[in-house]
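Visitor: Could you walk me through this structure? I have not seen it before.
Guide: Certainly. Please ask whatever comes to mind.

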Amino acid sequence: MAPVGVLPATGGPTKDFGGRITSSVVVTCVVAASSGLIFGYDIGISGGVTTMEPFLKKFFPSVLRQAGAAETNIYCQYDSQLLTAFTSSLYIAGLVASLVASRVTAALGRKNTMVLGGLTFLAGGNINGGAVNVAMLIIGRILLGFGVGFTNQAAPLYLSEVAPAKWRGAFNTGFQFFIGIGVVASNFLNFFLSKHPWGWRLSLGLAVVPAAIMTLGAALISDTPSSLVERGRLRDAKQSLIRIRGAGADVEGELDDLVNSVGAAKAADREPFVTILERRHRPQLVMAVAIPFFQQVTGINIIAFYAPVLFQSIGFGKDSALMSSTILGVVNLGAILVSTAVVDRYGRRFLFVAGGLQMLVCKLAVAAVLVAGTGASGTEHISKELAVAVLILLCTYGAGFGWSWGPLSWLIPSEIFPIKIRTTGQGISQAVNFATTFALSQSFLAMLCHLKYGAFLFYAGWIATMTLFVVLFLPETKGIPLDSMQGIWEQHWYWRRFVSTTVSA
């Protein structure tokens, strides 16, 4: 008998329509994955500008005064709800956009939704770059949030639908890779621009560059065959399949399969948000909620948002703090490449568990080092040696995230749903992601102030929980065509009680 939660790689009967990695599928997937640039850029830039003195002096002078007076507790220097509102307002907008985007993506297609998201982000970047008060900053952040909400909804779906099943994991990790590029690029900008009085304005305003790149790219590629069939454009869908699958592929067979799946879904004629609540879709719905929630309670985005603040709090100078956060981003970027290389060989479950254990050990170790260096109350000055140890541990933690929960949390929700509720499931997944990120980003600096090293123990507890969840409840999805995914739930020790083999979505 297989261990709990483990299934054969096939997960049930699958359909092999052939196909290979063509130049067309590589180009279109790279362009679609580049949508991650805008999310990554924002993650890195928002944390960096909040350590720039001219930015704080203009918009948050109370934080600057507090940081200068906080001689007794290193954890409380940047505890300000107004400052965290600047960071986290984007995620409320992203939450709303994700739910709206589920319908937009179904009606307009994956490609057009990415273009819409890029244009909205472009507008937000312009407003933030020219901001003269906090209200303009927040308005710009809201527009950025809508842009990220649309692109985060559409891009992972695009990648999963276009990529050949055998290499779907590798292609989908490209989205997280471009998020990583955006983070690293923004950290370098923050480092070099932090010395200039208007550096913060350039950092925020240059968000238009990645937005313009991904918007232009998205406008030039074709939509996915699944989306084209869903909107009745069968001729375009066939041409798209011919381009991306290459010679020797059973294009007619794959097209017929898509037409049959879409036809069966439309025949049901039910509201997708009602359909997804049915018992037979319980496994997918649970994953759509649990996976993005768990991704955020690893604490990775909080570390990325506030890395410069965090490193400055524990004893690095301003320049050293910005460079340390850049090093953290580069390590994470390299780890994503590892995931790309092995995700379709060893599977999703192996990477989830291995990465989870690595992150757990690092979080516990960071808490221990902080206690040793600053005392339980955080009133002692940490030595440079221990501050460097924290940096090394966080880099190791970032590597664990980079080859596991980072890319795989975009991949799993985009590949497990039947086509009728695929955009709805993705919308729910992204809404959960944004809602959790908002709550954590709004509370992290206060948590750091009040829990001190316990903030890292808080995330360690969640990492242990999510690793156990994967072991027990997540079946393997590698190599399984999207329309054959139902079999993994029918064979799973727990989820099979919810899924009827006689009913298809």
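Visitor: At what angle do the axes of α2 and helix α7 cross?
Guide: This is a predicted model. In it, the axis of α2 crosses that of α7 (residues 134–162) at roughly 145 degrees, and the two axes come within 9 Å.

Visitor: Which residues meet there, in α2 and in α7?
Guide: On the α2 side they are I38, F39, D42 and S46. On the α7 side they are R141, L144, G147, V148, T151 and N152. Sorted by class, this contact of α2 with α7 has 4 nonpolar, 4 polar and 2 charged residues.

Visitor: And how many residues of α2 are buried?
Guide: The count is 14 of 14, so α2 is largely enclosed by the rest of the structure.

Visitor: How far apart are the end C-alpha atoms of α2?
Guide: They are 20 Å apart. Helix α2 covers residues 36–49, and its 14 residues, at 1.5 Å each, should span 20 Å, so the two values agree.

Visitor: Let us step back. How many helices and strands does the chain have?
Guide: The chain has 23 helices and 0 strands. It holds 505 residues, of which 61% count as buried. About 17600 Å² of the chain is exposed, with carbon and sulfur atoms supplying 68% of that area.

Visitor: What share of the contacts joins residues at least 24 apart?
Guide: The share is 83%, taken among contacts between residues at least 6 apart in sequence.

Visitor: Where is L360, and what is it in contact with?
Guide: L360 lies in helix α18, which runs over residues 348–374. Setting aside neighbours within four places in sequence, L360 is in contact with A460, I463 and A464. Its C-alpha atom is also 9.7 Å from that of F456, a residue 96 places away along the chain.

Visitor: Which residues are buried in α22?
Guide: Among them are F456, A460 and I463, together with Y459, M466 and F469. Helix α22 covers residues 454–473, and its end C-alpha atoms are 29 Å apart. Its 20 residues should span 28 Å at 1.5 Å a residue, which agrees.

Visitor: What about the loop after α18: is I382 buried or exposed?
Guide: I382, in the loop between α18 and α19 (384–402), is buried, with a relative accessible area of 4%. From C-alpha to C-alpha, I382 and V371 are 9.5 Å apart in space, and 11 residues separate them in sequence.

Visitor: Changing topic, how many disulfides are there?
Guide: A search of the whole structure finds 0. A disulfide is a covalent bond between the sulfur atoms of two cysteines.

Visitor: Why is there no bond from C362 to C395?
Guide: The sulfur of C362 has its closest cysteine sulfur in C395, at 9.8 Å, which is too far for a bond. A pair would count as a disulfide with the sulfur atoms within 2.5 Å. C362 is buried, with a relative accessible area of 5%, and C395 is buried as well, at 10%.

Visitor: One last residue: what is Q430 in contact with?
Guide: Leaving aside neighbours within four places in sequence, Q430 is in contact with S98, N152, Q153 and W410. N152 is also one of the α7 residues that meet α2. Q430 itself is found in helix α21 (residues 422–451) and is buried, with a relative accessible area of 2%.

Conventions: Residues are numbered from 1 along each chain as its sequence is written. This is a predicted model: local features need pLDDT of at least 70, side-chain atom pairs count only at pLDDT 80 or more; totals for chains, interfaces and linings use all residues. Side-chain values use heavy atoms; hydrogens and water are left out. Helices (H or I, at least four residues) and strands (E, at least two) are DSSP runs, numbered from the N terminus. Buried means under 20% relative accessible area, exposed over 50%, partly exposed in between (1.4 Å probe, protein chains only). Contact means heavy atoms within 4.5 Å. Accessible areas come from the Shrake-Rupley method with a 1.4 Å probe; for residues, only the protein chains shown count as cover. The expected span of a helix is 1.5 Å times one less than its number of residues. Axes are lines fitted to C-alpha atoms, for helices over the stretch in contact, and angles run from 0 to 180 degrees between N-to-C directions. Ala, Val, Leu, Ile, Met, Phe, Trp, Tyr, Cys and Pro count as nonpolar, Asp, Glu, Lys and Arg as charged, and the others, Gly among them, as polar.
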